[in-house]
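The following exchange concerns the terms applied to a structural model. Each answer sets a computed value against the definition in use.

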Amino acid sequence: MRKSAISLRIFLFQRAVLAIARFGGCRTGESCGSGFDHLLPSIAVNGASKAGIAGALNRCHHACMRWYIFIAAALGLAGCNEYSRESRVISAIERQIQLPTDAYPLRAYSRVYAYAPDNKVVAIYLLPSKPDQRLCEEEKEIERKENGEGASQFCLPPKGLIAGEQRWIKDYQMLPGAHDGGCKFIDVQYDLNSKNFLQVACHGEVG
């Protein structure tokens with residue numbers, strides 16, 4: 001995850017806390033759960049409905065504000081921490097990597113990463129392709145057959161890739177396929193144990 005994405009999460013989290021506070025109308029000695037009724041739809045959560053949770057909060061007073069902040073903080077921090085390890089791995093790789101002589105600048109590539117067996121990270125760096133609806137649908141069909149989710153070369157964003165983007169996917173077998181033998185695609189393998197590169201090569205070359 002890029003730093004800008006993390007900053008955006010933090011900004012949205014801060015705005016959410018402020019919105020919850022205003023919506024709940026919390027002041028000392030004042031019931032502040034009423035706003036929560038609308039924030040939580042009535043669906044089951046661990047055997048209890050969210051409406052029931054909201055009802056319990058309706059019975060609280062100035063302590064509600066502390067609950068709002070605690071819940072929002074837990075959700076916000078969970079979102080920020082979800083990819084924190086992967087963010088550090090990407091940063092380490094991109095600080096060290098030396099692209100092949102004939103490669104384009106790093107910022108020109110979409111960079112897609114995934115964990116692989118033997119404590120490795122594999123990645124494909126590619127120049128984004130022009131969106132193509134037919135090829136986009138073919139990619140989606142492959143994902144449905146493989147029961148996985150990758151990163152699209154031919155769909156429009158957000159599913160499709162853009163130049164400079166870093167993306168982490170769950171299954172290394174779903175990395176975008178290279179359809180060119182030159183430096184429009186770069187194969188990367190990185191050993192997490194030794195912190196060394198096993199491969200950095202234009203596709204089809206031995207690197």
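The questions below treat a helix, buried polar residues, a hairpin and the nonpolar cores in turn.

Q: What kind of model is this, and which pLDDT values are required?
A: The model is predicted; local features need pLDDT of at least 70, side-chain atom pairs count only at pLDDT 80 or more, and totals for chains, interfaces and linings use all residues. Residues are numbered from 1 along each chain as its sequence is written, and side-chain values use heavy atoms, with hydrogens and water left out.

Q: How do you know that the length of α6 agrees with the span expected of a helix?
A: Helices are DSSP runs of H or I with at least four residues, and strands are runs of E with at least two, both numbered from the N terminus. The expected span is 1.5 Å times one less than the number of residues. For the 14 residues of α6 (133-146) this gives 20 Å, and the end C-alpha atoms are 20 Å apart, so the two agree.

Q: Why are the buried residues of α6 said to line one face?
A: Buried means under 20% relative accessible area, exposed over 50%, and partly exposed in between, with a 1.4 Å probe and protein chains only. The buried residues of α6 are Cys136, Glu139 and Glu143. Seen down the helix axis, these buried residues fall within an arc of 60°, so they line one face; the arc is taken from the directions from the axis to the C-beta atoms. On the other side of α6, Arg134, Arg144 and Lys145 are exposed.

Q: Why is Asp187 called buried?
A: Asp187, a residue of strand β6, has 16% relative accessibility and therefore counts as buried.

Q: What makes the pairing of Asp187 with His203 a polar contact?
A: A polar contact is a pair of N or O atoms within 3.5 Å; within protein, one must be able to donate a hydrogen and the other to accept it, and residues adjacent in sequence count only if both atoms are side-chain atoms. The side chains of Asp187 and His203 make such a contact at 2.8 Å.

Q: Why do Gln166 and Glu94 count as buried?
A: Gln166, in strand β5 (residues 166-168), is buried because its relative accessibility is 17%. Glu94, in helix α5, is buried because its relative accessible area is 16%. Their side chains make a polar contact with each other at 2.8 Å.

Q: How do you know that β6 and β7 pair, and in which sense?
A: Two strands pair if DSSP finds at least two bridges between them. β6 and β7 have 6 bridges, in the antiparallel sense. These strands form a hairpin with 4 residues between them, and Lys195 in the turn has a positive phi of about 60°.

Q: What makes a group of residues a nonpolar core, and how many residues has the largest one?
A: A nonpolar core is a set of buried Ala, Val, Leu, Ile, Met, Phe, Trp, Tyr and Cys residues joined through side-chain atoms within 4.5 Å. The largest has 20 residues, and those with the most contacts inside it include Ile93, Tyr113 and Val121. Two or more residues of this core come from each of α5 (84-96), β4 (120-126), β6 (185-191) and β7 (196-202). The largest share, 4 residues, comes from α5. A second, separate core of 12 residues includes Ala116, Leu161, Ile169 and Met174.
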